[in-house]
Amino acid sequence: MPQLRDSGTRSLHATEPVPSAEMDGFCRIFGVETEYGAAVTGAERHVDAGQVAMTMFQPIVSRSRSTNTYLANGSRLYLDVGSHPEYATAEARDPREALAQDLAGEHVIRNLALKAQRKLRETYGAHATIHVFKNNVDSAGHAFGCHENYLVRRFVPLETIEHQLLPFLITRQLYTGAGRMTPDGFQITQRADFLDEAVSSATTRSRPMVNTRDEPHADPDSFRRLHVIIGDSNRSQWSTWMKLAVTHLVLCVIEDAFRNETPSGFEDYAFADPAAANRAVSRFLDNPHAELTLESGESVTALGLQRRYYAAVKAFIETHGDALASSLPATTIDTIMGEWSRVLDALERGAYDALADRVDWAAKKRLFDALRNRRPDVTFAQLEQLELDYHDIANGRLYGSLTSRNQLRELLTSNDVAIAVHNPPADTRAALRGQFVRAALAAGAQFSADWTHLTVTAPERREAVLLDPFESESTEEFTHLMSALQ
């Protein structure tokens, strides 16, 4: 379990240039955006997903006159294209805090769904049941996403991200994939068959693994926001925490190399065909020793490439351990590396059951294998229904059953999640945004908010700009804004 430690960080002023401590060190901002699928069963007549989503968002529209709003915990809640409820976490400085904020999103969405369910039952019958799926593919074959956001230093070129980080993200799915039952067999990822390109600025007309649209939500001269699309939505708390934590360490190696004009060690890892490599990794169980071709012509297995990244990060820690430790307020580097090593060892042994208490695809595989052993005639449709129940955060029972029997690890308590539902991280600008939203709602003021701007629109227009995501203390501009709400 991640260990707590003191942050050693300090507050900054939002409108001042980013201090060199943030530029020269390894501090990072993390965020997770999760799109949810919605459906209804048991209704006396047809209810489409759009109607379900709008019913869920009626309380939001009543409050904000919009399906796009920011909450008192600093997060963004909105209705995305295709009637998908979406929750974007407040900015966090540690993967553990980002996990808490992501779980807060599950809580918020679940509450909206259950309130909407009570309303739908008045019209569509007492058995109308809303299902909200934290997954990435619906029964019609439509894909939707879970996006990770990492604040990275502007001096790292996007080409470097494509060539040095993407091979890691593709093979990282060995332990972060959510798993998916398909007519052709079981895959360890949900999105591999739906991703068209390696890197692109588009998100709808094509599906890249990394989005390059330049929206830093921070000082654009100092930072860019790395928008990772390749990852699956995870129910496993361990997987959500782990994918953020290990990616942070790899990014630290890449940033330090460019900062000091030295090799990172990842220069020759680019895949000749990233999409083909991604599909091959997704079918890892069919051929764990499948060779993936690099641009250099070398071949390597997915596990072998992960071993290389692990070794490089471990060597980097030997010379930069103290600086890396201070970059994460709530997670120790030893914890991350220990978990990473153990999971790679288990994969090498083929000990997939040993991963079933933390890796989503392994947990699902264990369930499917057990069911097939008991019932050899089980159908694909029945397995698919079991899988959907695992991902249903509103009325699903399977995930809760696994955690209650300690068959799936939980890193945070229900109290941790309850705190995150109502409170933003205290050490980022989300603390200021949350304070503003709470005060504006209490005052009944007309207001608007986004990641970098807070505005009171009536009776007198006032605005504060929060350009520095590391800022957590009031500036003069923010204090002036808040005085309009008193």
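Phenylalanine 368 is buried, with a relative accessible area of 2% in this predicted model. The exercises below start from that residue and move outward.

**Exercise 1. An aromatic pair**

Work out how phenylalanine 186 and phenylalanine 368 are arranged as an aromatic pair, and where each one lies.

Solution.
- Step 1. Take the total. The structure holds 15 aromatic pairs.
- Step 2. Look at the geometry of this pair. Its ring centres are 5.8 Å apart, and its planes make 80 degrees.
- Step 3. Classify. Planes over 60 degrees apart count as edge-to-face, and the pair of phenylalanine 186 and phenylalanine 368 is edge-to-face.
- Step 4. Place the residues. Phenylalanine 186 is in strand E9 (residues 185-187), and phenylalanine 368 is in helix H9 (residues 360-374). They are 182 residues apart, so the pair links distant parts of the chain.
- Step 5. Check burial. The cut-off for buried is under 20%. Phenylalanine 186 has a relative accessible area of 14%, so it is buried. Phenylalanine 368, at 2%, is buried too.

**Exercise 2. A tyrosine and a tryptophan**

Describe the aromatic pair of tyrosine 310 and tryptophan 340, then say which parts of the chain it ties together.

Solution.
- Step 1. Geometry. The centres of tyrosine 310 and tryptophan 340 lie 5.3 Å apart, with 90 degrees between the planes; the pair is edge-to-face.
- Step 2. Location. Tyrosine 310 belongs to helix H7 (residues 302-327) and tryptophan 340 to helix H8 (residues 333-349), so the pair ties together parts 30 residues apart in sequence.
- Step 3. Burial. Tyrosine 310 has 14% relative accessibility and counts as buried. Tryptophan 340 has 0% and counts as buried.
- Step 4. Company. Both residues belong to one aromatic cluster, which also holds Phe168, Phe266, Tyr269 and Tyr309.

**Exercise 3. Arginines over rings**

Find the tyrosine rings that arginine 76 and arginine 235 sit over, and describe the setting of arginine 235.

Solution.
- Step 1. Arginine 76. Its charged end sits over the ring of tyrosine 78, 3.6 Å from the ring centre.
- Step 2. Arginine 235. This residue lies over the face of tyrosine 399, 4.0 Å from the ring centre.
- Step 3. Location. Arginine 235 is in the loop between strand E12 (223-228) and helix H5 (237-260).
- Step 4. Burial. The relative accessible area of arginine 235 is 4%, so this residue is buried.
- Step 5. Contacts. Set aside neighbours within four places in sequence. Arginine 235 then touches Glu106, Lys134, Asp360, Tyr390, His391, Asp392, Ile393 and Tyr399.

**Exercise 4. A sheet**

Lay out the open sheet that contains E15, E16 and E17, and find its edges.

Solution.
- Step 1. Order. The 3 strands run E15-E16-E17, with antiparallel pairing.
- Step 2. Edges. Strand E15 (446-449) and strand E17 (462-465) each have a single partner strand, so one side of each has no neighbour in the sheet.
- Step 3. Twist. Ignoring direction, neighbouring strands of this sheet are turned by 10 degrees on average.
- Step 4. E15 with E16. These antiparallel strands are joined by 4 bridges. Glutamine 446 stands opposite alanine 458 in E16. E15 and E16 make a hairpin with 3 residues between them.
- Step 5. E16 with E17. Strand E16 (residues 453-458) is joined to E17 by 4 bridges, again antiparallel. Leucine 454 faces alanine 464 in E17. A hairpin joins E16 to E17 through 3 residues. Threonine 455 stands opposite glutamate 463 in E17.
- Step 6. Packing. Helix H14 (residues 476-483) packs on the sheet and touches E16 and E17; its direction makes about 150 degrees with that of E17.

**Exercise 5. One face of a helix**

List the buried residues of helix H6 (residues 274-282), then decide how they are spread around the axis.

Solution.
- Step 1. List. The buried residues of H6 are Pro274, Ala275, Ala277, Asn278, Val281 and Ser282.
- Step 2. Look down the axis of H6. Its buried residues fall within an arc of 160 degrees, so they line one face of the helix.

**Exercise 6. Positive phi**

Compare the loop settings and exposure of histidine 217 and glutamate 261.

Solution.
- Step 1. Histidine 217. This residue is not a glycine, yet has a positive phi of about 50 degrees. Its loop lies between strand E11 (208-211) and E12. At a relative accessible area of 25%, histidine 217 is partly exposed.
- Step 2. Glutamate 261. Here phi is positive at about 55 degrees, although glutamate 261 is not a glycine. Its loop lies between H5 and H6. With 76% relative accessibility, glutamate 261 counts as exposed.

Key: Residues are numbered from 1 along each chain as its sequence is written. This is a predicted model: local features need pLDDT of at least 70, side-chain atom pairs count only at pLDDT 80 or more; totals for chains, interfaces and linings use all residues. Side-chain values use heavy atoms; hydrogens and water are left out. Buried means under 20% relative accessible area, exposed over 50%, partly exposed in between (1.4 Å probe, protein chains only). Helices (H or I, at least four residues) and strands (E, at least two) are DSSP runs, numbered from the N terminus. The arc is that of the directions from the helix axis to the C-beta atoms. Two strands pair if DSSP finds at least two bridges between them. Axes are lines fitted to C-alpha atoms, for helices over the stretch in contact, and angles run from 0 to 180 degrees between N-to-C directions. Contact means heavy atoms within 4.5 Å. Rings of Phe, Tyr and Trp (its six-membered ring) pair if their centres lie within 6.5 Å; planes under 30 degrees apart count as stacked, over 60 as edge-to-face and the rest as tilted. A charge sits over a ring if NZ of Lys or CZ of Arg is within 6 Å of the ring centre and within 35 degrees of the ring normal.
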